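Hi,

Here is the structure I promised to pass on. Have a look at it first, and then read my notes below.

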Amino acid sequence: MQKTEITKSVEETFELGKRFGESLMGGEVIEFIGDLGAGKTSFMRGLAEGVGSDDSVSSPTFTISNIYSGRDDLSIHHFDFYRLPEPGLVKEQLKEAIEDPKAIVCVEWAESVHGVLPTDRITIQISTIDEDTREFKLKQA
Ligand code: ADP
Ligand code: MG
């Protein structure tokens with residue numbers, strides 16, 4: 001299944017993330033693909049709101065992983081493996097999150113952990129069309 005959406009502002013990206021977040025039930029693994037500034041964090045902010053979280057979402061580039069809590073005991077585990085070729089312990093944390101049916105696992109820069117991601121993950125690929133326009137390709141294997 002594949003779907004393409006265009007957003008024309010950061011607000012539209014937030015709304016797209018929010019609608020997507022509302023559809024999540026726990027147990028999903030979502031891989032984000034897109035350059036710096038593509039809109040991964042902006043989409044994640046909407047996603048978290050859609051899952052009913054009031055927690056503030058920030059790029060976990062330096063902390064590697066953030067956890068936000070949402071509705072119905074759901075938690076969002078937000079990982080960022082940017083410039084982390086040897087994920088070590090965080091990879092173990094990622095595996096645990098993937099096994100948790102109440103966890104929604106979101107991963108940015110997943111190259112170094114592809115081996116532990118399930119093949120039926122959702123992939124969200126974001127391309128920059130121009131300054132304010134982004135294309136989102138949502139794919140589920
Ligand atoms: P990433 O996490 O992928 O590095 P961010 O979400 O942090 O990206 O940043 C995206 C940047 O692009 C923000 O400065 C945002 O204001 C800007 N932007 C412009 N248009 C859009 C759009 N349609 N969707 C998302 N962000 C946009
Ligand atoms: Mg980011």
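First, a question to try by eye: does Gly21 count as buried or exposed? Bear in mind that this is a predicted model. Gly21 sits in helix H1, and its relative accessibility is 0%. Buried means under 20% relative accessible area, so Gly21 counts as buried.

What touches Gly21? If you ignore neighbours within four places in sequence, Gly21 is in contact with Leu47, Gly50, Val51 and Arg71. For a sense of scale, try Gly88: it is 67 residues from Gly21 along the chain, and their C-alpha atoms are separated by 29 Å.

Leu47 is worth a click too. Leu47 belongs to helix H2 and is buried, with a relative accessible area of 0%. Again leaving out neighbours within four places in sequence, its contacts include Gly17, Lys18, Phe20 and Gly21. Leu24, Ile30, Phe32, Ile76 and Cys106 are also in contact with Leu47. Ala141 is 94 residues away from Leu47 along the chain, with 20 Å between the two C-alpha atoms.

Now helix H1 as a whole. It covers residues 10-22, and at 1.5 Å a residue those 13 residues should span 18 Å; the end C-alpha atoms are 18 Å apart, so the two agree. Gly21 has company on the inside: the buried residues of H1 are Thr13, Leu16, Gly17, Phe20 and Gly21. Looking down the axis of H1, these buried residues fall within an arc of 135 degrees, so they line one face of the helix. An α-helix has 3.6 residues a turn, so residues three or four places apart point the same way. And what does that buried set pack against? The partners are strands E1 (2-7), E2 (29-33), E6 (122-130) and E7 (133-140), along with helix H2 (40-50).

Helix H3 (residues 88-99) makes a nice second case. Its 12 residues should span 16 Å at 1.5 Å a residue, and the end C-alpha atoms are 18 Å apart, which agrees. Val90, Leu94 and Ala97 are buried in H3. Down the axis of H3, the buried residues stay within an arc of 65 degrees, so here too they line one face of the helix. Strand E4 (75-80) and strand E5 (103-108) are among the elements covering them. On the face turned away from the buried side of H3 you will find the exposed residues Leu89, Glu96 and Glu99.

Last, the ligand. There are 16 residues around ligand 1, and those that come nearest are Thr13, Gly37, Lys40, Thr41 and Ser42. Some polar pairs to look at:

- Thr13: a polar side-chain atom is 2.6 Å from a nitrogen atom of ligand 1.
- Thr7: a polar side-chain atom is 3.1 Å from a nitrogen atom of ligand 1.
- Gly39: a polar backbone atom is 3.0 Å from an oxygen atom of ligand 1.

Ligand 1 exposes 570 Å² when taken alone, and the protein buries 74% of that. H1 and H2 are the elements that give two or more residues to the shell around ligand 1, with H2 supplying the largest share, three residues. Thr13 is one to look at from both sides, since that residue is on the list of buried residues in H1 and also among the residues that come nearest to ligand 1.

Cheers

Terms used:
Residues numbered from 1 in each chain as written. Chains lettered and ligands numbered in written order. Predicted model: local features only at pLDDT ≥ 70, side-chain atom pairs only at ≥ 80, totals over all residues. Heavy atoms only, no water. Helix = DSSP H or I, 4+ residues; strand = E, 2+ residues; numbered from the N terminus. Expected span 1.5 Å × (residues − 1). Buried < 20%, exposed > 50% of the residue type's maximum accessible area, 1.4 Å probe, protein only. Arc of directions from axis to C-beta. Contact = heavy atoms within 4.5 Å. Near = heavy atom within 4 Å. Polar contact = N/O pair within 3.5 Å; in protein donor to acceptor, adjacent residues only side chain to side chain. Areas by Shrake-Rupley, 256 points an atom, 1.4 Å probe, with all protein chains shown as cover.
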